[in-house]
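Okay, everyone settled? I'll put the structure up, and then we'll go through it piece by piece.

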Amino acid sequence: MRMKEELYACAYAAEFPAQALLRLRAELKSEPVAVLEGRAPQETVCSLNRLAHLRGVSPGMTRLEAESIPGLRLLARSVETEAAAHAVFLECVTHFSPRIEAASEGTSCAFVLDIAGTERLFGPPEALAARLRASLATAGFRASVAVSSNFHAARLKAASARGIAVIPHKQEAGFLAKLPISLLDLDEEHAETFAIWGICTLGELAALPENDLVARLGPQAAAWRALARGALPHTFQPIEAEFALREFCAFDTPVEQMDALLFVGVRMIDCLVERAAARALSLASLAVKMELEGGLAYQRAIRPALATADRKFLLKLLQLELAAHPPQAAVLSLTLAAEAGQSSQVQLGLFAPQTPEPSRLDVTIARLKAITGEDRVGSPVLEDSHRPGGFRMEGFAVGSGSGSAKSAVANRKRLALRRVRPPAPVRVQLRALRPAAFGDGERSFKVAAAYGPWRTSGCWWSAGVWDTEEWDVLADTASGASVACLLVRDCTRNEWRLEAYYD
Amino acid sequence: MPSSVNALRIQIEHSLERRFSAALTPAPHTIRETAPTGIAEVDRLLGGGLRVGAISEVAGPESSGRTTLALSFVAGRTREGLVCAWVDAGDALDAESAAASGVNLRQLLWVRCRSAAPIAKGKPWPRLDQTLRATDLLLQAGGFAALVLDLGGTAPEHGMRIPLATWFRFRQAAGRTRCSLLVLAQEPLAQSSAAVVLECAPRRGLADCETVLSSFQYEVRTGRVAAATYTAPAAGLRKPPVATWQATSQWQQGKCA
């Protein structure tokens, strides 16, 4: 088959509202499903799947009529889900050509690709069409693909065909001849006229004499005839696809169980990873957004240490994040938005120090946080303050401190404190303004030596004011054990506390 | 002459074969990797330092130098670019002391357990259970050169309830991931799973001009050393069972520097 220079492929997904809702919900694919739109109770069927069509459901049916069909699953149309699915569809077709024009009509989603010159990349048009259809199927779409050297012929054939159709050059009229005339965007008056004339197919329209047709129906009739013959020229208007890794799923009933949520989440992660991998990218972060019952919103972010394309790993992080921070109400919709990052490549060395594997460490830290709490795991960072014991927790990451390892101070045998958190209130007996004995209610200590006081104060301008008096105390218990501890008197409240032990 | 000595040795070993296997042949000596604690007196006592890939216990009451010893060990490990973890049952670690001891805090993963953490489904885990679960996770994850399990504030009667199977599992995991698991406690807990037990005790505090606490002396002795880790001293010398060491306060260190 010899093709002209111009060559177009049209990817067409019929019943797109139904397909958009079903692509992430594998459990519904084996059920007859109809999608309703409009305000209750005047909702009508706008889209349906093949099984519903076999049950006798047709577009335009009212909810009451649809509900009378046993076993039919009714879903509400979701514009957001369709928008997300539309973006995914577009993302899939951009892998085959940079020049794409939108050709969606009604409840369908269609894109026409300019595939001229792609033979060396994807092989003959049949192979390209097969790969394009398989790619869309992987993303969860059931689409038909038609290839033709005429833009409109490809679009019309894709809308009517199932599977793959390749129209050879100059044979467009023959391939389009059997298609119904309803595929043309005719107004009611002209559609009725053609019905009266007995013109039902594009082939019959193409056979009519052009001059007579124009004389009776006006100049637009020439365009219809050219369209029916597959000869209407077209000026290609390419669009620019925005690369956004986002998946959205609205649930028909509020979801309370995490397992059900993860069941959808895993499919969304699969799609995101697949789309990122198609551009040789990985997922650097994952933003989880949920719309909850009662108008609440839920938002969390998952940031693995390294960008990854490991589905199981991302799912585990999502599972742990949801376990640590469960949504406060039932979930109405789930959105996963990912940031793409370069796939991480780590050069390992024979003499490199042994460190935890970053991806495994992420899961371990997430598990630790689930056990102990969000703010209880990490690396301590000293605060720039004179307040005793001031520090904050920061996320732990392998390699973040390796650069400063050499600058760390030399090893010292320094008296270390062992903090009592929260500080234990103690009763102190003073002799000559120095601690002589103290007790915390359980144990009593006799002070052998007390060194101090060391006074510190600060933040007098804010609520975090402190004014303390520290004493280093060597004390003996009744059992004869010796301890060295840090006693602190809060001067603002005149309270004594056992802050720490020297250990 | 040597051949006759060898023949004699083989003959004696053969005759004693039923009672002793290879009676006159020295047992093969396994060299175990150790990591220094950074305290020369303790390292001498241990024959080089704490075992890598094994459990070491540091037991003693409060103010017996357990935390100082552990921080010194962790500081040495982080200085080599290695990553360490501190599982803190009592939330007692003082970050300032750690930094002053030379620990690179960015390479220290600190897990602060608490008595009732709000976790999924609202189930609070007792602090000790959290500690053991966290230790298990970190040991299984691998990559940590040292892991300090700080049970220093846990009452011995509670610590004794930790099943031996748990310590055995920790020992296996530590050996597999080449992690030095250092257990700080008031009493030895790991029993046969511990490669070495150091028993610490306070000796006395030293003051400078009787006005400031300048340093503290500690005593440490080896309570139990697994046979495989014991390095025989040179003939005729007795290994000192007790070592005394001293830690100084921060301002004193600054003065010396």
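Before I name any domains, a quick word on the term: the domain bounds I'll use come from an automatic or database domain assignment. And keep in mind that what you're looking at is a predicted model.

So, chain A. The assignment splits it into domain 1, covering 8-229, domain 2, covering 245-342, and domain 3, covering 417-502. If you take the C-alpha centres of domain 1 and domain 2 of chain A, they sit 31 Å apart. Those two do touch, though: 15 residues of domain 1 of chain A contact 13 residues of domain 2 of chain A.

What does domain 1 of chain A bring to that contact? The elements giving two or more residues on its side are strand E4 (73-76) and helix H4 (79-93) of chain A. H4(A) gives the most there, with 6 residues. By class, that side of domain 1 of chain A has 8 nonpolar, 4 polar and 3 charged residues.

Stepping back to the whole chain, we've got 15 helices and 21 strands in chain A. How spread out is chain A? Its radius of gyration is 36 Å, and the globule rule gives 23 Å for 503 residues; the value is well over that, so chain A is more spread out than a compact globule. You can see that in the C-alpha trace of chain A too, which spans about 120 × 60 × 40 Å along its principal axes.

On burial, 37% of the 503 residues of chain A count as buried. And for the contact-map people: take contacts in chain A between residues at least 6 apart in sequence, and 60% of them join residues at least 24 apart.

Now the part with the partner chain. The contact uses 58 residues from chain A and 72 residues from chain B. Quite a list of chain A elements gives two or more residues to it, including helix H14 (311-324), helix H15 (358-372), strand E13 (377-382) and strand E15 (417-425). H15(A) gives the most to the side of chain A that touches chain B, with 8 residues. Sort that side of chain A by class and you get 32 nonpolar, 14 polar and 12 charged residues.

One last detail, on strand pairing across the chains. E13(A) is joined by 2 bridges to strand E5 of chain B, residues 108-112, and the two run antiparallel. Which residue in E5(B) is the bridge partner of A:Val377? That's B:Val111.

Okay, over to you.

Key
Residues numbered from 1 in each chain as written. Chains lettered and ligands numbered in written order. Predicted model: local features only at pLDDT ≥ 70, side-chain atom pairs only at ≥ 80, totals over all residues. Contact = placed C-beta atoms within 7 Å. Helix = DSSP H or I, 4+ residues; strand = E, 2+ residues; numbered from the N terminus. Nonpolar A, V, L, I, M, F, W, Y, C, P; charged D, E, K, R; others polar. Rg over C-alpha atoms; globule rule 2.2 N^0.38 Å. Buried ≥ 20, exposed ≤ 12 C-beta atoms within 10 Å, placed from the backbone. Pairing = 2+ DSSP bridges.
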